Amino acid sequence: MARTQSKCGAWTEKGTRCQNLAMVGASRCHLHRGDWSSYTVEKRKAKARKRRRK
Ligand SMILES: [Zn+2]
């Protein structure tokens, strides 16, 4: 794919924008993909649900 990858752009602790390239299929880089992305939130919810059920 020759598409230009967008930058992560998440705010860092230093108050600057993250300059890492975003992951393919995500709007954040590998560092910031974690906490904010809906993808991870869904994953966490599923995890919590699983844990509660037990
Ligand atoms: Zn980032």
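This is a short selection tour of a predicted model, going from the whole chain to Q5 and then to H30.

Start with the whole chain in a cartoon view. Its secondary structure consists of 2 helices and 0 strands. Now colour the chain by burial: of its 54 residues, 6% count as buried. For a contact map, take the pairs that are at least 6 apart in sequence; 5% of these contacts join residues at least 24 apart.

Next, select Q5. This residue sits in the segment before α1, the helix that spans 33-36. Q5 has 12 C-beta neighbours inside 10 Å and therefore counts as exposed, since the cut-off for that class is 12 or fewer. Add L21 and A22 to the selection: Q5 touches both, with residues up to four places away in sequence left out of the count. Then add M23 and draw a C-alpha to C-alpha distance from Q5; the value is 8.0 Å, for a separation of 18 residues in sequence.

Move on to H30, which also belongs to the segment before α1. Is H30 buried or exposed? With 12 other C-beta atoms within 10 Å, H30 is exposed. Finally, select N20 together with H30. Their C-alpha atoms are 8.3 Å apart, and 10 residues separate the two along the chain.

Note on methods: Residues are numbered from 1 along each chain as its sequence is written. This is a predicted model: local features need pLDDT of at least 70, side-chain atom pairs count only at pLDDT 80 or more; totals for chains, interfaces and linings use all residues. Helices (H or I, at least four residues) and strands (E, at least two) are DSSP runs, numbered from the N terminus. A residue is buried if 20 or more other C-beta atoms lie within 10 Å of its own, exposed if 12 or fewer, and partly exposed in between; C-beta atoms are placed from the backbone. Two residues are in contact if their C-beta atoms, placed from the backbone, lie within 7 Å.
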